Amino acid sequence: MKNILNRAQFKLFLRFTSYLLPYWKREAVILSLSGAGVLSGLVNPYLTKLVIDRAFGNRDLKVFIILALIGGTVFILNGLVSGLENYLDRQIKIKLNLGLYKKVFKHLEKLDLDYFQSKSTGEHLYRSSYDIDSVAGFITTTPPQIVTTFPKLLFILIIVLRLNWQMAVFSLCLAPLLYLPPYYFTRRMR
């Protein structure tokens, strides 16, 4: 039964993501911006390591200023990339919302009058509005997160292994404990 449920959920996920096809160019830009954001986000921890090891360790003000300028530049660029990514994502979500509202409205026009008499008008409006917003948010948020999360984790793991492999192994041993509460509560909510 669980396998059937997972297959049905996967088919539903594919069906939802098919709504992104008209916006695939913008979505590709969002994914590339997300990738750039992931890479630039990994620069700051390394710069912090350099500041502590080289600038503070050697008491070198010139190295500190250079690293601070590089860090500030990366921070500003990361903010610009994130802002552009959020703008495009919001644009897609608004257009997707409009398209879903049109589909739902066309479907509602075909329903019998008995359907509308079973519940109040406010309940129908709230439910359709809330559901459409939730679906649009899911469609626009989940695929980019899936695509960017795994490379980000891989890069972080490589960097941590390179810096201190004992700490990386220790972190990997503790990582499953972080996923137990969300796993438990997600199953309870479902």
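Visitor: Why are helices α2 and α3 called roughly antiparallel?
Guide: In this predicted model, helix α2 (residues 24-58) and helix α3 (residues 61-110) pack at an angle of about 160°. Angles over 145 degrees count as roughly antiparallel, so α2 is roughly antiparallel to α3. Their axes are 9 Å apart.

Visitor: Which hand does the crossing of α2 and α3 have?
Guide: The crossing is left-handed.

Visitor: What kinds of residues make up the contact of α2 with α3?
Guide: You will find 18 nonpolar residues there, along with eight polar and six charged ones.

Visitor: And what makes α3 oblique to α5?
Guide: Good one to work through! The axes of α3 and helix α5 (residues 121-163) cross at roughly 135°. Roughly antiparallel would need an angle over 145 degrees, roughly perpendicular covers 65 to 115, and roughly parallel means under 35. An angle of roughly 135° fits none of these, so α3 is oblique to α5. The two axes come within 9 Å, and this crossing is right-handed.

Visitor: Which residues make the nonpolar surface patch?
Guide: Look for Ile52, Phe56, Leu61, Phe64, Ile65 and Leu69, which together make a patch of about 620 Å². Residues in a patch have over 30% relative accessible area.

Visitor: Which helix gives the most to the nonpolar patch?
Guide: That is α3, with four residues. Isoleucine 65 is in helix α3. Still, α2 and α3 each supply at least two residues of the patch.

Key:
Residues numbered from 1 in each chain as written. Predicted model: local features only at pLDDT ≥ 70, side-chain atom pairs only at ≥ 80, totals over all residues. Heavy atoms only, no water. Axes fitted to C-alpha atoms, helices over the stretch in contact; angles between N-to-C directions. Left-handed = near helix turned anticlockwise from the far one by under 90°. Nonpolar A, V, L, I, M, F, W, Y, C, P; charged D, E, K, R; others polar. Patch = residues over 30% accessible without salt bridge, like charges linked within 9 Å, V, L, I, M, F, W, Y side chains within 5 Å. Areas by Shrake-Rupley, 256 points an atom, 1.4 Å probe, with all protein chains shown as cover. Salt bridge = Lys/Arg side-chain N within 4 Å of Asp/Glu carboxyl O.
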